[in-house]
Amino acid sequence: MASGICVYAETCNGKLDPVVAELITAAKLIKKETKETISAIVADNDCQNIINELSGLGAEKIYAVNTGRDMLLQDESAAYVIAEMLKKIEPSSVLVPATPNGRSIFSRVAMKLNCGMTADCTELLVGKREDGSCFIKQNKPSFGENVFVTIVTADNVYPQMMTIRPGVYQMAEKTTESAEVVYFDDIKAPESKVRVLESIPSEAETDSILSADILVVGGRGALEDGNFELLKKFADKIGAAIGGTRPMVDSGLIPFDHQIGQTGFTVRPKIAVSLGVSGAIQHTEGIKDTKLYIAINSDENAAIFNVADYGAAANMCDILSEYLLL
């Protein structure tokens, strides 16, 4: 009988991805309803460092496979290892980071386990059947972010597998509690047809929006001539990272991983300054937990003023030009 909530502990260059701590929080919320055990799975060249990072985050068990090599981009091999681990563990649900690696590996895992997978969830809720058993309501935006849908895995199909967008849940805090560690020494990583000859770190023009305390957020109004350059100078002056709405990404001014909203990422900065953002719910859902929200938009009826703590119905160019002269 399938039981337990399993979190995939994604790694990068031998370190635990910070998003895993967010998934542990999601697992704890599920556990409040289902009373199931929380476990984490690790498959890495050297699992011990990852286990040390995981310890105390809230997983009661950690299952590990030492792969003996770095499996960067060797997703077919990683999928085999993880599928074999899940066959042994038999969890009722598996929570996966909605990252490029998570999507690529676990789409293959889902095929091997014949269980399906819901992608890009922004909320997980627990439902109960008439017989008292529990299931997970996997909520996510769909149809070009125009509707919000609830997906439920078919009865008696396990595990319920889903990827969760980074930034949706708060990171679990470290405790002094330790987890039981179980190694699956009988699972071996098969040879891959992929060889990585070289890897080059990406060069982002702005700092990560997920960890930034101060964010400057550009909308369609920032696309007008010269406005984006002013926005960048303003962000540099106040030490802020730059995020934006979908039009900013579509224009190529910012990368996709700096898009905020249901289509992009959920952020929780201490201060956010939005410039030329209309305030569509698809965007504001991703930044609604900001502690101090300041909005500037030339349209006094813009929806952004309904969520901002302070607002100015003014031309962003005029305000930024004046500020940068100080």
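Two strands count as paired if DSSP finds at least two bridges between them. With that in hand, here's a quick tour of this predicted model. Leu124, for one, has Gln138 of strand 9 as its bridge partner. There are two open sheets to look at, one of three strands with antiparallel pairing and one of seven strands with parallel pairing.

**The three-stranded sheet**

- The strand order here is 8-9-10, and the sheet is open.
- Strand 8 (123-128) and strand 10 (147-151) are the edge strands, each pairing on one side only.
- Going from one strand to the next, the twist averages 30 degrees.
- Strand 8 and strand 9 (residues 134-142) run antiparallel and are joined by six bridges.
- Helix 1 (residues 19-34) packs on this sheet and touches strand 8 and strand 9. The direction of helix 1 makes about 10 degrees with that of strand 8.

**The seven-stranded sheet**

- This open sheet reads 7-11-6-1-4-5-12 across its strands, with parallel pairing.
- Strand 7 and strand 12 (180-183) sit at the edges with a single partner strand each, so one side of each has no neighbour in the sheet.
- On average, neighbouring strands are turned by 25 degrees against each other, ignoring direction.
- Two bridges pair strand 7 with strand 11 (residues 160-164) in the parallel sense. Across that pairing, Thr118 stands opposite Met162 of strand 11.
- Helix 3 packs on the sheet, touching strand 1 (5-8), strand 4 (38-44), strand 5 (61-66), strand 6 and strand 11. Its direction makes about 150 degrees with that of strand 4.
- Helix 4 lies across strand 1, strand 4, strand 6, strand 7 and strand 11, and runs at about 155 degrees to strand 6.

**Helix 3 against helix 4**

- The axes of helix 3 (residues 75-89) and helix 4 (residues 100-113) come within 8 Å and cross at roughly 50 degrees. That makes the two helices oblique to each other, and the crossing is right-handed.
- On the helix 3 side, the contact is made by Asp75, Glu76, Ala78, Ala79, Tyr80, Ile82, Ala83, Leu86 and Lys87.
- Helix 4 brings Ser104, Ile105, Phe106, Arg108, Val109, Lys112 and Leu113.
- Sorted by class, this contact has ten nonpolar, one polar and five charged residues.

**Three residues to click on**

- Thr25 is found in helix 1. Its relative accessible area is 17%, and buried means under 20%, so Thr25 counts as buried. Setting aside neighbours within four places in sequence, Thr25 is in contact with Tyr169, Gln170, Met171 and Ala172.
- Ser93 lies in strand 6 (residues 93-97) and is buried, at 0% relative accessibility. Beyond its neighbours within four places in sequence, Ser93 is in contact with Gly4, Ile5, Cys6, Ile136, Pro159, Gln160 and Met162.
- Met117 is in the loop between helix 4 and strand 7 (118-121). With a relative accessible area of 28%, Met117 is partly exposed.
- Although Met117 and Met162 are 45 residues apart along the chain, their C-alpha atoms are separated by 5.2 Å. Leaving out neighbours within four places in sequence, the contacts of Met117 are Arg103, Phe106, Ser107, Ala110, Met161, Met162 and Thr163.

Methods: Residues are numbered from 1 along each chain as its sequence is written. This is a predicted model: local features need pLDDT of at least 70, side-chain atom pairs count only at pLDDT 80 or more; totals for chains, interfaces and linings use all residues. Side-chain values use heavy atoms; hydrogens and water are left out. Axes are lines fitted to C-alpha atoms, for helices over the stretch in contact, and angles run from 0 to 180 degrees between N-to-C directions. Helices (H or I, at least four residues) and strands (E, at least two) are DSSP runs, numbered from the N terminus. Angles under 35 degrees count as roughly parallel, over 145 as roughly antiparallel, 65 to 115 as roughly perpendicular and the rest as oblique. A crossing is left-handed if the near helix is turned anticlockwise from the far one by less than a right angle, and right-handed if clockwise. Contact means heavy atoms within 4.5 Å. Ala, Val, Leu, Ile, Met, Phe, Trp, Tyr, Cys and Pro count as nonpolar, Asp, Glu, Lys and Arg as charged, and the others, Gly among them, as polar. Buried means under 20% relative accessible area, exposed over 50%, partly exposed in between (1.4 Å probe, protein chains only).
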